Amino acid sequence: MQYVDEFRDPDLITKASQEIRRLADPARHYRIMEVCGGHTHAIYRFGLKDILPSNIELIHGPGCPVCVLPMGRIDDGLAIAQDPNVIFAAFGDMMRVPGAHGSPLEHKARGTDVRIVYSPADALELARKYPEKEVIFFAIGFETTAPSTALTLMAAKAEGIANFSVFCNHVTIVPAIRAILDSPDMRLDGFIGPGHVSTVIGCRPYEWIARNEAKPVVTSGFEPLDLLQSIVMLLRQLQAGEARVENQYKRVVPWEGNSAALKAMAEVFELRPYFEWRGLGFISQSALRIREKYAAWDSEQRYVVPETRVTDPKAAQCGEVLKGVLKPAQCKLFGKECTPEHPIGALMVSSEGSCAAYYNYEYRKSMVARVSSVA
Amino acid sequence: MCLAIPGKIVELIDGQNQVGIVEVTGVRRKVQLGLLEDDMPKVGDWVLIHVGFAMSKISERDAEEQMRLLTALGEVEQAMEEVRGYGLENSADRAGPVELNGKRYA
């Protein structure tokens, strides 16, 4: 834990790690999934693995929106963007994600009008500024970003801005957790629940996991102490044979979520019957589409979408890594063909992807250790 | 995109629906406040911002810790790039090269 002293309450961190050792039954092997990619990043960055006893295994979940987006959706969005009258606006996180015919940045280099925006509100601002152009906002993200897209669409409708539309790729976290629990090769003891997604949806949507699957869920903050406390809370429940939803991140996550955000999402979006997830396949009712009353602002209604389906490179094992069946370094391409500089799969692109996190912290560290031991 | 950026509300803009000015480590930018309409922040309140929208109110201490967390995760530069990008004055409105994570792309 080389970084913990940068943080508040080092004494509490020591206490939490002692408590984890006291609670963990040496005869058991615990498999705990952190659902959110932000947690994955923090776990690697702070070296939490090094202070957990070896029988507590953290499995990295599907909560990285860039990572779970199938390549075909990127190609679909970029296909519409080939129209010279279109401005294609997307978050910076998307820019280096490879599509079958190149990433958005590579398309930009070839002359497509691709722009980075940091907020959907800014994509709408582009539409106001260039009334002669058609602005398409390529929306991605879980419930953390979906309400912002919803409010932006409501503003577009209220102002009657006709040259703006959204290519909607928003997904919802709970069906993905369900798909993982249904997967026959997956055995889990409990979940570290997402932090920021829960700010929006609250804690109730996880109750079925406790009730029907008898697995505890603790929504968690992102600091080392938050994560360790969440593991303590999970172990206490497991020791007592309980399965409840608990909220470790009360300072940000209200139990009932953010009602204004939920209201905006319900106004604009409805569930798609099914949606493809990279690595997890088709999951029913796992994504959002734009309701009929906003059809004029729905890129999928306004343009002809090729509905591209791209099979991931065979050697890349993104799916197994995404489901937590394989560790990043067990993929055949990890650190060889696939690196953060030359990513083949999306898990290597985003800093929240488990492959990039593993590469940047664990792998580089072991390389340095090897080089210095040789020297 | 998934970054939660802490900012202090320094101004509520009159005549614009649910828009405020936040300050994030000295940089001032426009943010949308519509997701906090049930509990509108006042000038001086701290908020967590996602993609240009304030999502929750937090304490000043938690805002400081969030900034330290972003520092530790190596995401401060990216967060500040994001904040500077709100409101189009920086990157989105340029048809030319873009900068991303400190690198320039033509």
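**View 1. The surroundings of T199(A) in a predicted model.** This model is predicted. T199(A) touches V252(A), V253(A), P254(A), G257(A) and N258(A), and from chain B M55(B) and S56(B); residues up to four places away in sequence are not counted. T199(A) sits in helix α10 of chain A. With a relative accessible area of 3%, T199(A) is buried. The cut-off for buried is under 20%. Helix α10(A), residues 196-201, returns in View 5, where it helps to line the largest cavity.

**View 2. The five-stranded open sheet of chain A.** The strand order is β2-β1-β7-β8-β9, and the pairing is parallel. At the edges stand β2(A), residues 56-63, and β9(A), residues 245-247. Each of these edge strands pairs on one side only. From one strand to the next, the twist averages 20 degrees. Strand β1(A) covers residues 30-36 and is joined to β2(A) by six bridges. E34(A) is a useful residue to find here: in β2(A), H60(A) stands opposite E34(A). In β7(A), the residue opposite E34(A) is I192(A). The link between β1(A) and β7(A) consists of three bridges, and these two strands run parallel. Helix α12(A), residues 224-240, lies across β1, β2, β7, β8 and β9 of chain A. The helix runs at about 160 degrees to β8(A).

**View 3. Strand β7(A) and its two faces.** Strand β7(A) spans residues 190-193. Which residues of β7(A) point one way, and which the other way? G190(A) and I192(A) point one way, while F191(A) and G193(A) point the other way. All four are buried. β7(A) also pairs with β8(A), in the parallel sense, over three bridges. Strand β8(A) covers residues 217-219. Follow F191(A) across to β8(A): the bridge partner there is V217(A).

**View 4. The four-stranded open sheet of chain A.** Here the order is β4-β3-β5-β6, again with parallel pairing. Why is one side of β4(A) and of β6(A) left without a neighbour in the sheet? These strands, residues 114-116 and 164-170, stand at the edges, and each has a single partner strand, so one side of each has no neighbour in the sheet. The twist from one strand to the next averages 25 degrees. Strand β3(A), residues 86-90, runs parallel to β4(A), and three bridges join the two. A90(A) stands opposite I116(A) of β4(A). Two helices pack on this sheet. Helix α5(A), residues 71-80, touches β3, β5 and β6 of chain A. The direction of α5(A) makes about 170 degrees with that of β6(A). Helix α7(A), residues 120-129, touches β3, β4, β5 and β6 of chain A. The direction of α7(A) makes about 175 degrees with that of β5(A).

**View 5. The largest cavity, with lining residues from chains A and B.** The structure holds six cavities of 30 Å³ or more. The largest has a volume of about 270 Å³. Its lining has 22 residues. Nearest the centre lie G38(A), H196(A), F222(A), E352(A) and C2(B). Three elements give two or more residues to this lining: α2(A), residues 37-45, α10(A), residues 196-201, and α1(B), residues 60-72. Which element gives the most to the lining of the largest cavity? That is α1(B), with three residues. By class, the lining has twelve nonpolar, eight polar and two charged residues.

**View 6. The second largest cavity.** This cavity holds about 100 Å³ of space. It is lined by 13 residues. Closest to the centre are four cysteines and a glycine: C318(A), C331(A), C338(A), C355(A) and G345(A). The class count for this lining is eleven nonpolar, two polar and no charged residues.

**View 7. Helix α2(A), a mostly covered helix.** How many of the nine residues of α2(A) are buried? The count is nine of nine. The buried residues are G37(A), G38(A), H39(A), T40(A), H41(A), A42(A), I43(A), Y44(A) and R45(A). G38(A) also lies among the residues nearest the centre of the largest cavity. After the helix comes G47(A), with a positive phi near 60 degrees.

Note on methods. Residues are numbered from 1 along each chain as its sequence is written. Chains are lettered from A and ligands numbered from 1 in the order in which they are written. This is a predicted model: local features need pLDDT of at least 70, side-chain atom pairs count only at pLDDT 80 or more; totals for chains, interfaces and linings use all residues. Side-chain values use heavy atoms; hydrogens and water are left out. Two strands pair if DSSP finds at least two bridges between them. Axes are lines fitted to C-alpha atoms, for helices over the stretch in contact, and angles run from 0 to 180 degrees between N-to-C directions. Contact means heavy atoms within 4.5 Å. On a 1 Å grid over the protein atoms alone, a cavity is a set of points where a 1.4 Å probe fits but cannot get out, and a pocket is an open set with protein on both sides within 12 Å along at least five of seven lines; lining residues have an atom within 4 Å of a point. Grid points are joined across faces, edges and corners, and a volume is the space filled by probe spheres set on the points. Ala, Val, Leu, Ile, Met, Phe, Trp, Tyr, Cys and Pro count as nonpolar, Asp, Glu, Lys and Arg as charged, and the others, Gly among them, as polar. Buried means under 20% relative accessible area, exposed over 50%, partly exposed in between (1.4 Å probe, protein chains only).
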